[in-house]
Amino acid sequence: MKLLTYEVDRRKDIGVMSKDEMWVYPLRAFGMEYTSMMEVVKGFSQSEKDLLEHVSGLEPYGITGAAMRSEVRILAPIEAPEQDIICLGLNYMEHAEESARFKKEAFDGVRKEAVYFSKRVNRTVGPDGEISSHSDIVDSLDYEAELGVIIGKEAYRVPKEQVRDHIFGYTIINDVSARNVQNAHKQWYFGKSLDGFTPMGPCILTADSVEYPPKFPIRSLVNGEVRQESNTERMIFDIDHIVSELSMGMTLKAGTIISTGTPSGVGMGFTPPKFLKAGDVVECVIEGIGSIKNTVSE
């Protein structure tokens with residue numbers, strides 16, 4: 001089941017996509033008066049999930065407020081995260097290798113511990129929005145297609161075998177990065193947190209819609225050229241490891257977003273590097289979830 005934040009007739013709404021993905025049905029049509037996706041993540045009941053799973057298979061005629069997907073503007077599912085996004089660095093072996101090569105560092109092919117960092121996000125960018133180039137301070141703008149995991153209920157000291165019970169769903173995140181800013185400050189926070197650096201969407205695929213752990217084909221394209229191509233099952237540290245490890249020392253609240261790392265093929269991995277420039281179109285695709293397609297602004 002795919003849940004959306006969208007705009008139609010100048011009204012913002014939360015909806016469920018029909019199973020044929022041709023229509024969007026507002027949750028309010030079924031007595032669910034949620035005003036944001038974050039409210040849905042925190043308050044969704046099993047009976048509501050069951051109801052939406054049923055109605056998403058119905059014909060649109062007779063459903064109040066039903067709109068064709070082509071007639072709505074799909075927004076980022078969670079437009080204003082309540083906390084910084086937790087990110088995984090170097091969580092695919094080939095990307096760890098290309099990163100070391102770019103920084104002219106030795107790489108022994110061993111990853112004993114996960115690398116965690118955070119990404120400040122005031123507002124996310126929608127699936128067709130613009131990536132701000134920040135060309136006054138950025139000369140090496142890069143893209144990173146990633147699987148986003150949304151926590152559905154508070155997680156503290158959760159063993160690996162119980163992690164799946166705490167997952168609400170999945171989305172696509174482009175962890176846009178300013179490599180020169182990262183390198184200058186010797187850490188990733190500032191270089192990944194500039195305004196407009198978090199495209200997200202186009203929906204949240206509920207966790208019970210796919211097998212667990214998910215094995216999603218993931219790729220990115222720049223101006224139609226395939227740059228990244230992998231599968232989320234190739235993550236070094238999987239969802240069970242990530243959530244369990246983090247929850248051993250911190251509480252992961254409902255609505256927490258975790259971006260699980262990117263495969264090889266980012267701009268800095270090429271020789272010479274293929275960084276983004278104004279006018280470039282970046283598409284991040286995760287099969288089963290959808291795609292986000294963003295243009296780099298001046």
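1. Glu 144 is buried, with a relative accessible area of 4%. In this predicted model, the residue is found in the loop between β9 and β10. The cut-off for a buried residue is under 20% relative accessible area, so Glu 144, at 4%, meets it.

2. What does the side chain of Glu 144 make a polar contact with? The partner is the side chain of Lys 192, at 3.3 Å. Leaving aside its neighbours within four places in sequence, Glu 144 is also in contact with further residues, including His 95, Ile 173, Asn 174, Asp 175 and Arg 179. Ser 177, Gln 228, Thr 262 and Val 266 are likewise among its contacts.

3. The loop that holds Glu 144 leads to strand β10, which covers residues 145-151. Seven of the seven residues of this strand are buried, so β10 is largely enclosed by the rest of the structure. In a regular strand the side chains alternate between the two faces of the sheet. For β10, both faces are covered. One side carries Ala 145, Leu 147, Val 149 and Ile 151, and the other carries Glu 146, Gly 148 and Ile 150.

4. Which strands pair with β10? Strand β11 (residues 167-174) pairs with β10 in the antiparallel sense over seven bridges; within this pairing, Ile 172 of β11 is the bridge partner of Leu 147. Strand β16 (residues 257-259) also pairs with β10 in the antiparallel sense, over three bridges, and here Ile 150 stands opposite Ile 257. Strands of a sheet pair through backbone hydrogen bonds, either parallel or antiparallel.

5. A further sheet deserves attention. Five strands form an open sheet in the order β8-β18-β17-β14-β15, with mixed pairing. Its edge strands are β8 and β15 (225-231), each of which pairs on one side only. Within the sheet, strand β14 (residues 217-222) and strand β17 (residues 281-286) pair in the antiparallel sense over five bridges. Ile 218 stands opposite Ile 286 in β17.

6. The largest nonpolar core has 55 residues, of which Ile 167, Tyr 170, Ile 239, Ile 258 and Ile 289 touch the most other members. Apart from this core lies another, of 29 residues, among them Leu 3, Trp 23, Ala 76 and Ile 257. Not counting residues up to four places away in sequence, Ile 289 touches ten residues named here in part: Lys 2, Leu 147, Tyr 170, Ile 172 and Phe 216 are among them.

7. Is Ser 132 buried or partly exposed? With a relative accessible area of 25%, Ser 132 is partly exposed. This residue lies in the loop between β8 (130-131) and β9 (141-142). Ser 132 and Asp 195 are 63 residues apart in sequence, and their C-alpha atoms are 7.0 Å apart in space. Leaving aside its neighbours within four places in sequence, Ser 132 is in contact with Asp 195, Gly 196, Phe 197 and Ser 297.

8. Glu 94 is found in helix α3 (residues 93-102) and counts as partly exposed, at 32% relative accessibility. Not counting residues up to four places away in sequence, Glu 94 touches Arg 234 and Ser 264. The C-alpha atoms of Glu 94 and Arg 234 are separated by 9.9 Å, although the two residues are 140 residues apart along the chain.

Definitions and conventions:
Residues numbered from 1 in each chain as written. Predicted model: local features only at pLDDT ≥ 70, side-chain atom pairs only at ≥ 80, totals over all residues. Heavy atoms only, no water. Helix = DSSP H or I, 4+ residues; strand = E, 2+ residues; numbered from the N terminus. Buried < 20%, exposed > 50% of the residue type's maximum accessible area, 1.4 Å probe, protein only. Contact = heavy atoms within 4.5 Å. Pairing = 2+ DSSP bridges. Polar contact = N/O pair within 3.5 Å; in protein donor to acceptor, adjacent residues only side chain to side chain. Core = buried A, V, L, I, M, F, W, Y, C linked by side-chain atoms within 4.5 Å.
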